[in-house]
Every structure is written in C-alpha cells, then in structure tokens.
Amino acid sequence: MPKRKFFIFDCSKAENCCDKSQYNEAGTREKISMLMHLILCRPCRKYTSKNTKLTSLIKKSKLKTCSEEEKKAWKNRIEKEMTKKKH
Amino acid sequence: MPIHKLDPTKWVDKYSDYLFNYAIVRVNDREVANDLISETFLAGLNSKDNFEGRATERTWLISILKRKIIDHYRKTNSQKGQAEVRINYSDSENNGDWLEEQVADTFDRTAEDEMENTELGLAILECLEQINEKHAAIFKMKTIDGADTEAVCKEFNISPSNLWVIIHRARTALAECLEKNWF
C-alpha cells in the first residue's frame, strides 16, 4: 500500500493503531488520530473493516488452545514411545 | 502430487490445537478430549509405517482421531442401559400430541451454528499452519489466549514493536487465507 500521511498519522501508524485497538490496547489520542486518518484514507478504511471482521470471526469461532502442560505431557509420551520402539 | 512425510516430533506443536478443537466440540469434555488426542498420537506412532504419504499429516491424524471418538462413544453407550421410549398419551383427546413434541425445536439451529463455528475455528487454524510457526504461536497466545503484550514479549523474548509487526503480518495473512478458503 502506498504510504499516505493525513494528520500526523501515516498509513503504517494507522494500521498499527487499528491492530492494537483489536486487542483494546490503543490509547484514546491514538484512536482519534487514526479516525481522522481513516476519514481521508480509503485503503486504511478497507484494512480496518477487514481487521474488525477478522476479530469478530475469531471470537465467533470460540477457538481454544491446549495448555503448555498438556503439550508437554503429549511430547513426553511420544518421545518415550519412540525411544521404546528404537530399542 | 507431493508425497507427505510424517514427523512425530513436531506433531504436538503443529497439530495439537487443531486436534483439540476438533475433539472438544464432539465430546464436550476437556479431559476426554485430551485422552483421545493422546491415544491418537500413540496410535499414529504405532501405525506410522502404514502411512503412504498420499494425505497430509494432519488429515491422517484426524482420521485416526475420528475413529477414537467413535470408539469412545461405543464404549460409553455399551455401559448405558438401553434407551427407553415412553409415550404417555392414553386418552384419545391428546392422542397424537407427542408427535408434535418430536418436531425439531430451536435448539437444533444452535447445534448447527455451533458446528459451523467449529469449522470456522478449524479453518483459522489451517490458515495459521501456513505462516511461520513462531509467528503463529505468538498470534495464538495473544489473540486466542488473550495474553498481555508484556507476557507474550517475555515468553518469546521480543520487543513490543516487534510483537505488533508479527501480529500485523499474521492478521493480514490470515484475512487473506480466510477470504480464499472460507468465504
């Protein structure tokens, strides 16, 4: 995307702020600057809408991850079994 | 067609989340899902030599897990008594009402939605398999587990600005992949 600068914010800053706000980690001042940028920048508006959609899809999917302990236990079992097979 | 190879040492890092999400929605119990995945890995190791390389590693492991889930339900069903069906409409006035009660209710729709959401989850994980393994792990920790920026940075020994670059790349790749495969 060509970099365009509207109100102190260029596109990469706007994208970064958009990413952060998906995790509720963008500051208010940052968000206002981003919104000003979005008014004038179409590619960034497109990016923001895609990004927000992605967040809602991830939320909807209710994905879960395995804990590190669970993974460790599986790894140990596989390793054990593999060494058993070698002997 | 490329011939796929098995690498059991990477199974846990690469596929455990996928297998887990596949299993949990079908058995609805974290412990049972864990046991089934553990059994799947062991069965995979034992039948490693039968793998012909025509399917991907993940598809092959899922086919084993499917069988394990069926076995699990067979086992639990054989422990149960036989199902009883009682129809308590003896008078002629109410006769036939029970049929209406059998008609699918709104819960059905929820179950379908739930299934679709799981498929979406699996599609997301499939897409994440295509990006750098470390980046995928960072993205999962931040997005799915909802970990703090600080915690993720500490765990992976990266700076916050580094983290946001990785997150940005992962999100862009994921959105592109989902657009291709999901919509």
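Which residues have the most contacts inside the largest nonpolar core? The model is predicted, with local features requiring pLDDT of at least 70 and side-chain atom pairs counted only at pLDDT 80 or more, while totals for chains, interfaces and linings use all residues. Residues are numbered from 1 along each chain as its sequence is written, and chains are lettered from A in the order in which they are written.

The largest nonpolar core (buried Ala, Val, Leu, Ile, Met, Phe, Trp, Tyr and Cys residues joined through C-beta atoms within 7 Å; buried means that 20 or more other C-beta atoms, placed from the backbone, lie within 10 Å of the residue's own) has 36 residues. Those with the most contacts inside it are B:Leu19, B:Phe20, B:Ala23, B:Ile37, B:Leu65, B:Ile124 and B:Leu128. Nine residues, the largest share, come from α1(B) (helices are DSSP runs of H or I, at least four residues, numbered from the N terminus). Because domain 1 (1-79) and domain 2 (115-183) of chain B both give residues to this core, it lies between them; the domain bounds come from an automatic or database assignment.

Apart from residues up to four places away in sequence, B:Phe20 touches A:Lys64, A:Cys66, B:Ala33 and B:Ile37 (contact: C-beta atoms, placed from the backbone, within 7 Å). A second, separate core of nine residues includes A:Phe9, A:Cys18, A:Cys41 and A:Tyr47.

The centres of the two domains of chain B, taken over C-alpha atoms, are 23 Å apart. Seven residues of domain 1 and six residues of domain 2 of chain B form their contact. Between the chains, 31 residues of chain B are in contact with 26 residues of chain A.

Methods: Two residues are in contact if their C-beta atoms, placed from the backbone, lie within 7 Å. A residue is buried if 20 or more other C-beta atoms lie within 10 Å of its own, exposed if 12 or fewer, and partly exposed in between; C-beta atoms are placed from the backbone. Helices (H or I, at least four residues) and strands (E, at least two) are DSSP runs, numbered from the N terminus.
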